[in-house]
Amino acid sequence: MSDVIIESRDLNKIYGEFQAVENLNLKINRGEVFGFLGPNGAGKTTSINMMVGLLRPTSGQVYIDGKEVQQIEKGTIGICPQELVLWDYLTCRESLMLMGELYEVPGAKLKIKVDKLLDGLFLTEKANTVVSQLSGGMKRRLNLALALVHEPEIVVLDEPSEGLDPQSRRVLWNYIRSLRDDEGKTVILTTHLMDEADRLSDRIAIIDHGRLLRLDTPSNLKKETGEGDVIEMKISNPEKNQEIITVIGKLEDVESVLEVDGQINIRALDAVSKLPMIMDELEHMGVRVVDLSVRQNTLEDVFIDLTGTGLRE
């Protein structure tokens, strides 16, 4: 069995004169959380819809387990859309039972699965409550449960945390991790939330204006792209600050060195790995460090470096 579960080849989507997706080539591995990161309108949802067979591409092919997407079995994919798709006057349990019956899940198996979903998503106490009386966070979790009731191999989550408070978001994130870690599912996550992509994704595709800009693990993206980490350093004899700035500024891969409020700020990609080199230079100069901290590069730094803009809401 191949490690690759989804592959897109030269995928394009054009609406009139507007190209929503341009030559998308990527592979998604079995059992990973794969993040699509980008601002609204970047082409994330369009790309995913083509990759799961909901939208026909203008050109290009998508393969799932080596088969063209149109040939895969019903139920291979579960989709949790950004917009809530719920039956307001059914209870949580009734909603899940109905969805399972639509997918022809056997009765005994369906009841067990529904109970497990209600428990895992903290909806057991609301099992017999009609959907219209649920909070926004509960509706969002029920929306996810509906995508999982038929036990799909691939789960697509489109902006799953949209509108959630921090506590509800944490519950959802923990459950998404369990889909990968405990059930071995492949999860495709589209988001414009940097923190969500960073914390959940094994690999991230950064997309803007319909183009794939970078694809790598979150840690590699932050080490290799963006403005770089910041080392904030205070020395025992600050009268040497300018001398130190001159020396450190000449070191390889150091982006910038500045004096800010009496301390030295050093910006460099993967700055932690450069600390031994920096400390050796300070030792040779007879300088003692009295305070040191590191602010790591963020995915937002990476995104801005790649696109030249901040996130568009």
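Let's start with one pair of residues: Ile-231 has Ile-266, in strand 13, as its bridge partner. Before we go on, please keep in mind that this is a predicted model, where local features need pLDDT of at least 70 and side-chain atom pairs count only at pLDDT 80 or more, while totals for chains, interfaces and linings use all residues. Residues are numbered from 1 along each chain as its sequence is written, and side-chain values use heavy atoms, leaving out hydrogens and water.

A word on confidence. pLDDT is the predictor's confidence in each residue, from 0 to 100. The protein chain has a mean of 90, with 98% of its residues at 70 or more. Among the elements, helix 2 has the highest mean, 96, and helix 10 (residues 299-307) the lowest, 80. Helices here are DSSP runs of H or I with at least four residues, strands are runs of E with at least two, and both are numbered from the N terminus.

Back to the strands. Strand 11 (residues 229-235) is joined by five bridges to strand 13 (residues 263-268), and the two run antiparallel. Six bridges join strand 11 to strand 14 (residues 289-295), also antiparallel; there, Lys-234 has Asp-291 as its partner. For strands to count as paired, DSSP must find at least two bridges between them.

Why is strand 11 largely enclosed by the rest of the structure? Because five of its seven residues are buried. Buried means under 20% relative accessible area, exposed over 50%, and partly exposed in between, using a 1.4 Å probe and protein chains only.

Now for the largest nonpolar core, which has 35 residues. Such a core is a set of buried Ala, Val, Leu, Ile, Met, Phe, Trp, Tyr and Cys residues joined through side-chain atoms within 4.5 Å. Leu-96, Leu-142, Leu-144 and Leu-157 have the most contacts inside it. Helix 4 gives the most to this core, seven residues. Apart from this core lies another, of 25 residues, including Ile-6 and Met-51.

Let me finish with a polar residue in helix 4, Asn-143. Is Asn-143 buried or exposed? At 3% relative accessibility, Asn-143 counts as buried. Its side chain reaches the backbone oxygen of Pro-81 at 3.2 Å and the backbone nitrogen of Val-85 at 3.1 Å. Leaving out residues up to four places away in sequence, Asn-143 touches Cys-80, Pro-81, Glu-83, Leu-84, Val-85 and Leu-86, where contact means heavy atoms within 4.5 Å.

Technical notes. A polar contact is a pair of N or O atoms within 3.5 Å; within protein, one must be able to donate a hydrogen and the other to accept it, and residues adjacent in sequence count only if both atoms are side-chain atoms.
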